[in-house]
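Hi,

Here is the structure I said I would pass on. Have a look at it first, and then read on for what turned up.

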Amino acid sequence: PAVTRILVVDDQPVMRAGLSAVLRGEPGLVPVGATSPDNGVLPAIKRTEPDVLLLAVHLPAIDELVLTRRVKRQANAPAVVLYARQPDETLSVAAGLAGADGLVSRLSGPEALFDAIRMAARGEL
């Protein structure tokens with residue numbers, strides 16, 4: 001099976017470490033790095049060349065949506081999966097307009113996260 005490279009972006013160090021650990025335990029998913037949103041996401045993308053950017057969304061989601069737009073404007077941009085505590089219809093529409101490739105709830109189980117990452121990596125929406 002193909003390997004999907006993932007860059008984890010979250011402002012909380014414990015969440016970055018936890019998400020990376022969970023992803024490492026799933027065959028075919030390889031976390032290639034973790035960074036905070038204000039720590040140079042675009043340079044981290046160039047350095048790690050992920051297939052998927054897993055981007056945590058906090059309320060308000062304005063900054064994450066702006067970051068999503070910036071990422072998607074880059075040549076060879078990775079897929080972007082937003083990871084939100086309580087995704088609702090408003091966030092779903094805004095995420096789509098920003099160019100996000102997936103949206104998953106933090107309250108769902110790991111399988112939903114893995115599925116969203118794999119679908120985004122394959123370009124399935």
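Going from one end of the sequence to the other, the chain runs β-α-β-α-β-α-β-α-β-α. That comes to five helices and five strands. The radius of gyration is 13 Å, close to the 14 Å that the globule rule gives for 125 residues, so the chain is as compact as a globular protein of that length. One thing to keep in mind throughout: this is a predicted model.

A few more overall numbers. The C-alpha trace spans about 35 × 30 × 30 Å along its principal axes. Buried residues make up 42% of the 125 in the chain. If you take the contacts between residues at least 6 apart in sequence, 65% of them join residues at least 24 apart. The accessible surface is about 6,800 Å², and carbon and sulfur atoms account for 54% of that. As for charge, there are 13 positive and 14 negative ones, and their mean positions lie 6 Å apart.

Now for some individual residues, starting with serine 36. You'll find serine 36 in the loop between strand 2 (29-35) and helix 2 (41-48). Is serine 36 buried or exposed? Its relative accessibility is 9%, and the cut-off for buried is under 20%, so serine 36 counts as buried. Its side chain makes a polar contact of 2.7 Å with the side chain of aspartate 38. Leaving out residues up to four places away in sequence, serine 36 touches Val9, Asp10, Asp11, Arg16 and Val41.

Next, the backbone. Most residues other than glycine have a negative phi. Which way does phi go at glutamate 49? Glutamate 49 is not a glycine, yet its phi is positive, at about 50°. This residue sits in the loop between helix 2 and strand 3 (52-57). With 58% relative accessibility, glutamate 49 counts as exposed, since the line for exposed is drawn at over 50%.

Asparagine 76 also has a positive phi, near 55°, and is a residue other than glycine. Its place is the loop between helix 3 (62-72) and strand 4 (79-84). Asparagine 76 counts as exposed too, at 78% relative accessibility.

From asparagine 76 you can go on to valine 93, which is part of helix 4 (residues 89-98). How far apart are the C-alpha atoms of these two, valine 93 and asparagine 76? They are separated by 24 Å, with their positions 17 residues apart along the chain. Valine 93 has a relative accessible area of 44%, so it is partly exposed.

The last one is alanine 21, in helix 1 (residues 13-24). Alanine 21 counts as partly exposed, with a relative accessibility of 42%. Measuring tape out in the viewer, try alanine 21 against proline 31: C-alpha to C-alpha they are 8.4 Å apart in space, and 10 residues apart in sequence.

If you want a place to start, I'd open the loop with serine 36, between strand 2 and helix 2, and then step along to glutamate 49 in the loop that follows helix 2 and leads to strand 3.

Cheers

Notes: Residues numbered from 1 in each chain as written. Predicted model: local features only at pLDDT ≥ 70, side-chain atom pairs only at ≥ 80, totals over all residues. Heavy atoms only, no water. Helix = DSSP H or I, 4+ residues; strand = E, 2+ residues; numbered from the N terminus. Rg over C-alpha atoms; globule rule 2.2 N^0.38 Å. Buried < 20%, exposed > 50% of the residue type's maximum accessible area, 1.4 Å probe, protein only. Contact = heavy atoms within 4.5 Å. Areas by Shrake-Rupley, 256 points an atom, 1.4 Å probe, with all protein chains shown as cover. Lys, Arg positive; Asp, Glu negative; His and termini not counted. Charge placed at Lys NZ, Arg CZ, Asp CG, Glu CD. Polar contact = N/O pair within 3.5 Å; in protein donor to acceptor, adjacent residues only side chain to side chain.
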